[in-house]
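Colleague: Got a minute to go through the charged pairs in this one?
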Amino acid sequence: MIPEVASFFENLTKWQSELKLLQNYVVTSGLVEEFKWMHPCYTHHGKNVILLHGFKNYCALLFVKGALLKDTENILIQQTENVQSARQIRFTDISEIKALEKTIKSYIQEAILVEASGLKIKKKKTAAFYVPEELEAAFAEQPAFEKAFNKLTPGRQRGYLLHFAKGKQSKTRIARIEKNTERIFSGKGLNDCTCGLSIRMPNCDGSHKTLTK
């Protein structure tokens, strides 16, 4: 176990046993253990294959190209609509992991084969996503706002487009755009940390809620 991963497990206050068991399943598969994005990451010839994650309500084994797995047991979860490639297997108790040991190891081996074969996800381009007319209007009113939006990474752009488009009423879409205008000008994604306290940077983990007003 590399020092960064050892420190990760030592500092866990939740899901320690569950994630350690998952780690054991992964490292025995032959993948190389690394530490990326503040989490244990497992690679094949330098390519990311699997990550271990712990969340408030569950821990997860994340397959970077999970969308390409057959998922014969129908257990893979797409975390959000904006995630095109990665898929999770979620757990809330160590007994669930033990019960699925053979399946988990089978999925890990399939993920390795997918990466080794060079298969790639054909991702939907940002230009193919629906742009609400309220956002187009905001761009027309503030060219600098459109410029800031276009400077965002494709993933961040898609996140905002999906979020804005979900508003059923025009006033809701406008409110969402106005609420996130400053965030977009700052180059931040919808779920990026803006307070600087998150331990899951660049993602927000709710640490801003501890700030005193």
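Modeller: Sure, what follows is about salt bridges in a predicted model.

Colleague: How many salt bridges does the count come to?
Modeller: The count comes to 5 salt bridges.

Colleague: Which residue does Glu115 form a salt bridge with?
Modeller: Glu115 pairs with Lys65, and their closest N and O atoms are 3.3 Å apart. The pair links distant parts of the chain, 50 residues apart. Glu115 is in helix H4 (residues 101-117), while Lys65 sits in the loop between strand S4 (59-63) and strand S5 (87-91).

Colleague: Is Lys65 buried or exposed?
Modeller: Lys65 counts as buried because its relative accessibility is 19% and the cut-off for buried is under 20%. Glu115 is also in the buried class, at 11%.

Colleague: What about Arg156, which side chain does it meet in a salt bridge?
Modeller: That of Asp192, at 2.6 Å from N to O. This pair too connects distant parts of the chain, with the two positions 36 residues apart. Arg156 belongs to helix H7 (residues 154-165), and Asp192 lies in the segment after helix H8 (170-185).

Colleague: And is Asp192 buried or exposed?
Modeller: Asp192 is buried, at 9% relative accessibility. Arg156 has a relative accessible area of 25%, so it is classed as partly exposed.

Colleague: Changing topic to Glu34: what is its salt-bridge partner?
Modeller: Lys36, with the closest N and O atoms 3.7 Å apart. Glu34 is partly exposed at 25% relative accessibility, and Lys36 is partly exposed at 22%.

Definitions and conventions: Residues are numbered from 1 along each chain as its sequence is written. This is a predicted model: local features need pLDDT of at least 70, side-chain atom pairs count only at pLDDT 80 or more; totals for chains, interfaces and linings use all residues. Side-chain values use heavy atoms; hydrogens and water are left out. A salt bridge is a side-chain nitrogen of Lys or Arg within 4 Å of a carboxyl oxygen of Asp or Glu. Buried means under 20% relative accessible area, exposed over 50%, partly exposed in between (1.4 Å probe, protein chains only). Helices (H or I, at least four residues) and strands (E, at least two) are DSSP runs, numbered from the N terminus.
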